[in-house]
Amino acid sequence: MSLVGPAVGLYVLSLAVVLTALATALEYGPDLVRTGYRVGIALLTATGAFVAGHLVVAALVG
């Protein structure tokens, strides 16, 4: 089993958290409620995009 998939998934999710939190903090200041809301949306979106991409690649490669 390859460890590339989980490593890339962890990288994608961590970037979704860090970049969303940074962008929210720069735009609105240290608002924890707004940051948590936006990070939650970013995590759901990044997870869906990663899983969809993984399924497409798995279908193409075999």
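Is E27 buried or exposed? With a relative accessibility of 51%, E27 falls in the exposed class, because that class begins over 50%. Keep this residue in mind, since it comes back further down. One thing to know before going on: what you're looking at is a predicted model.

## The overall picture

Let's start with the big pieces. The protein chain has two helices and zero strands. Helix α1 covers residues 4-28, and helix α2 covers residues 32-61.

Now for the outline. Put a box around the C-alpha atoms, lined up with the principal axes, and you get roughly 45 × 15 × 15 Å. The radius of gyration of the protein chain is 14 Å, while a compact globule of 62 residues would have one near 11 Å.

## Inside and outside

How much of the chain is tucked away? Of the 62 residues in the protein chain, 15% are buried. The accessible surface adds up to about 4700 Å². Carbon and sulfur atoms account for 78% of that surface.

## A nonpolar patch

Look at the surface and you can pick out a nonpolar patch made by Y11, L15, V17, V18, L19, L22 and L26. Together these residues offer about 680 Å² of accessible area.

Take L22 as an example from the patch. L22 sits in helix α1, and its relative accessible area is 48%. That makes L22 partly exposed, because the exposed class needs over 50% and the buried class lies under 20%.

## Two salt bridges

How many salt bridges turn up in a search of the whole structure? The search finds two.

One of them brings back E27 from the opening question: E27 pairs with R38, and their closest N and O atoms are 3.8 Å apart. This pair ties together distant parts of the chain, with E27 in helix α1 and R38 in helix α2, eleven residues apart. E27 is exposed at 51%, whereas R38 is partly exposed, with a relative accessible area of 31%.

The other bridge joins the side chains of R34 and D31, at 3.4 Å from N to O. Which class do these two residues belong to? R34 is partly exposed at 34% relative accessibility, and D31 is partly exposed too, with a relative accessible area of 26%. Both values lie between the cut-offs of 20% and 50%, so neither residue counts as buried or as exposed.

Note on methods. Residues are numbered from 1 along each chain as its sequence is written. This is a predicted model: local features need pLDDT of at least 70, side-chain atom pairs count only at pLDDT 80 or more; totals for chains, interfaces and linings use all residues. Side-chain values use heavy atoms; hydrogens and water are left out. Helices (H or I, at least four residues) and strands (E, at least two) are DSSP runs, numbered from the N terminus. The radius of gyration is taken over C-alpha atoms; the globule rule is 2.2 Å times the number of residues to the power 0.38. Buried means under 20% relative accessible area, exposed over 50%, partly exposed in between (1.4 Å probe, protein chains only). Accessible areas come from the Shrake-Rupley method with a 1.4 Å probe; for residues, only the protein chains shown count as cover. Patches are made of residues with over 30% relative accessible area and no salt bridge: like charges are joined within 9 Å, nonpolar side chains (Val, Leu, Ile, Met, Phe, Trp, Tyr) within 5 Å. A salt bridge is a side-chain nitrogen of Lys or Arg within 4 Å of a carboxyl oxygen of Asp or Glu.
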